[in-house]
Amino acid sequence: MPAARTKNKKRTRPSHDADGAPSSKRVKPDSAGSLPYDSTYPGVRAQVQEKFCLSSAYKDVKLSRCTSCSRRNGMDTCRFRDVRHIIRDPAGRSLGVAFHSQPAETKGRVVFPDAWNTEPCREQMDTTKRVIAEALLPTLQNELAHLEQPGIICRPREVDVRATCDTCMTSLFSQSWMCRRCGREACAECWAKLSSIPPDAIPASVPKDRRDPEKRLLACIPRESHDPSHFFPVSRFAGPELRDAIRDMRSILDAKMDSGSPKKRSPSPELQYPTVIDNTGPSAALDLLASVVAAHPRLPDTLPPPPLPRAQGSITLSPFTPKLPIHALPDHAADIQLSPSPQVPSTETTAPQVKAGTPPRDIEDTTTSSVSEPLSSPLLPLSPSTSTSELSSITMSSRAKSPAPLSSGPEDTVPFHPTVTFSDAMLTDETFHRVWKEGRPLVVNGLLDKFHVNWTPEYFISKYGDQGCMIVDCVTESKREVNVRWFFAKFGKYSERDEPAVWKLKDWPPSTDFQSAFPELYDDFARAVPVPSYCRRDGVLNIASHFPPKAVAPDLGPKMYNAFATSDTEGSKGSTRLHMDMADAVNMMVYAAPCPDGSPGGARWDLFRAEDAPVIRQFLGEQYKLAEGLDPIHSQQFYLDKKLRAALYAKTGVRSHCVIQRPGEAVFIPAGCAHQVCNLSDCIKVAADFVSPENIERCARLTDEFRAQNLERMWKEDVLQLQTMMWYAWVSCSRPEIVKGT
């Protein structure tokens with residue numbers, strides 16, 4: 001497995017001795033075999049290393065091989081290319097090597113996108129620049145200090161590979177430290193760790209073990225260890241460009257402060273158990289609704305809603321009036337509904353009902369005979385002054401018309417947070433922003449009619465049936481190579497399965513870009529996805545949309561997630577175990593086979609608030625014996641089944657946003673929200689990640705958490721490249737031509 005990168009970057013690195021020919025003019029190299037950076041001697045010329053270390057062009061020189069050339073890693077490039085120089089005398093004989101800076105400006109060298117899903121406006125670009133200034137300015141100030149290090153080597157930012165630290169696999173934004181002998185690079189944190197090790201504590205040699213972070217940090221050329229004196233500082237910034245950016249960011253933030261809008265900093269999550277209120281009064285749900293409509297600018301989820309009797313109504317917040325604050329809905333446009341108890345929807349445009357007290361029953365516990373036609377809840381003529389008593393009188397009359405709740409097997413008794421649900425036709429960018437900035441999940445329905453392709457098992461069998469694929473058992477994580485036909489032909493045929501495995505085909509295609517592999521499906525996804533300005537790869541409000549098209553950009557999807565049905569009972573591993581995504585995500589269900597009992601199919605989601613993650617980690621640590629340093633969420637080893645969810649709630653008060661997702665519905669997951677999925681029937685879903693301006697700080701926190709995991713065990717590479725992404729977006733949005741007519 002390649003060290004710390006995938007399609008990683010070119011690097012710079014020194015070689016040691018010269019060709020060995022005696023010369024009175026030869027300058028003695030330093031301990032790493034490098035000549036002084038300012039070597040200027042009569043007749044001496046510098047030959048730039050433009051090819052890999054083993055090239056025949058340098059066969060007369062005893063160049064040390066960089067780590068990439070030593071491994072002949074086709075996913076990496078020579079670390080020393082373009083920055084290592086071979087110093088030759090007038091006769092062409094090698095005197096040694098040196099390192100020199102190269103132009104490092106981003107502007108004028110990198111080509112940026114020039115088309116988005118819609119024409120950019122100045123307000124959108126200014127918003128993007130403002131949130132980037134808040135998040136990136138401290139880093140740029142640190143980069144400026146690093147740029148003033150003695151012996152600094154500046155080099156262009158890599159575009160053909162992704163630069164990562166060879167130890168922790170975090171993407172390298174700009175500053176790093178490079179070994180002159182092997183070309184490995186260390187981020188500032190890993191360099192600080194290496195330089196703090198006493199010289200007598202560094203072993204003479206380190207055995208190769210790329211899975212061990214300590215050995216990755218110490219390993220140098222064969223049979224030798226790293227010596228901190230062999231490293232030199234590297235920057236991917238040009239001084240003038242960096243100083244201009246810092247000045248402009250300060251100006252933006254100063255203007256924001258002057259306008260009376262102080263810079264907001266989210267506190268780090270603390271280990272606190274939410275307060276549980278034992279209030280079973282029937283007006284509790286009405287108070288919850290009134291708090292949204294009346295005067296509270298935040299979503300009503302700080303305190304847990306009390307459990308309600310099964311016969312009482314449920315709350316669906318769907319949808320908010322576009323372009324108006326949540327607390328200022330006019331009398332004639334209140335779109336908040338009181339809906340009947342959870343029931344299986346008969347069409348894709350009916351949102352899954354969300355009861356304020358207890359979550360929806362699992363689909364397998366319902367039967368076709370128990371499904372009633374959806375009841376249209378009355379639109380309530382609410383205003384900011386609407387009282388709870390008025391709401392109560394309207395609600396009681398509505399309840400009289402509600403059908404009896406579904407009756408079948410035992411239900412999950414743990415209360416949960418209400419989840420905001422929108423119809424796609426009513427959701428605008430501004431409305432989405434008002435909800436999304438609160439960091440809560442939401443659901444959008446009514447999407448099936450927007451698809452032009454039938455994403456069914458039959459479609460995939462006919463189009464890609466002979467294509468090979470790797471499926472994984474959700475329970476044992478064992479893998480199996482099959483073809484697409486074998487997998488999708490089993491959809492809905494529960495009685496024909498002669499093995500206990502719960503197979504899933506995830507992250508499909510695994511390595512090929514979705515647009516290249518499935519162009520027809522890519523276009524269909526882009527056509528159907530809600531709030532495309534956020535979710536599409538070219539969305540004007542997606543920070544990732546500014547990544548240069550010729551650079552190695554993060555693969556944010558779309559990807560397909562296809563899995564057999566499983567169960568939510570004790571001991572279940574679900575379809576997708578508890579985890580966090582590095583960025584925001586949207587997941588659309590495009591197909592669901594009927595459940596084993598014949599009822600309409602779907603999937604259960606449990607999405608937890610970001611601030612509850614420390615409590616969940618502690619709970620899992622008490623339930624299971626964890627390896628030292630293992631994060632129980634990021635390790636993706638656990639699924640909170642019914643019993644565990646009940647124990648979690650009883651002990652800590654933590655509960656989830658519970659969503660039953662149906663075909664034609666999209667679930668939005670904010671970055672940093674732990675979540676898990678249990679397919680209650682065989683399902684086909686398509687999902688994409690995106691980076692919204694609202695959640696940049698959460699993405700940054702997750703990057704730090706993922707880095708910590710890589711220092712415990714080789715886990716995953718930092719493919720998001722958040723800081724690099726923000727820098728590109730800053731430069732892109734600063735172009736005067738980006739907004740037409742300016």
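This report covers the nonpolar cores, one buried helix and the cysteines of a predicted model.

**Cores**

The largest nonpolar core holds 57 residues, and the members that touch the most others are Ile 132, Leu 140, Leu 720 and Trp 727. Six helices each contribute at least two residues to this core: α2 (122-147), α5 (239-258), α14 (613-623), α15 (642-652), α16 (696-710) and α17 (722-733). Apart from neighbours within four places in sequence, Ile 132 contacts Leu 137, Met 249, Ile 696, Met 726, Ala 729 and Trp 730. A second core, separate from this one, has 56 residues, among them Phe 422, Trp 436, Phe 487 and Ala 528. In soluble globular proteins, nonpolar side chains tend to be buried together.

**Helix α14**

The buried residues of α14 are Ala 613, Pro 614, Val 615, Ile 616, Arg 617, Phe 619 and Leu 620. Their packing partners are β16 (576-579), α15 and α16.

**Cysteines**

Zero disulfides are found in a search of the whole structure. A disulfide requires two cysteine sulfur atoms within 2.5 Å. The table gives two cysteines with the closest cysteine sulfur to each.

| Cysteine | Closest cysteine sulfur | Sulfur distance | Relative accessibility |
|---|---|---|---|
| Cys 69 | Cys 66 | 3.5 Å | 8% |
| Cys 168 | Cys 187 | 3.7 Å | 0% |

Cys 69 forms no disulfide because its closest cysteine sulfur, in Cys 66, is too far for a bond at 3.5 Å. Cys 168 is likewise unbonded, because the sulfur of Cys 187 is 3.7 Å away, too far for a bond. Cys 69 counts as buried, and so does Cys 168.

Note on methods. Residues are numbered from 1 along each chain as its sequence is written. This is a predicted model: local features need pLDDT of at least 70, side-chain atom pairs count only at pLDDT 80 or more; totals for chains, interfaces and linings use all residues. Side-chain values use heavy atoms; hydrogens and water are left out. A nonpolar core is a set of buried Ala, Val, Leu, Ile, Met, Phe, Trp, Tyr and Cys residues joined through side-chain atoms within 4.5 Å. Buried means under 20% relative accessible area, exposed over 50%, partly exposed in between (1.4 Å probe, protein chains only). Helices (H or I, at least four residues) and strands (E, at least two) are DSSP runs, numbered from the N terminus. Contact means heavy atoms within 4.5 Å.
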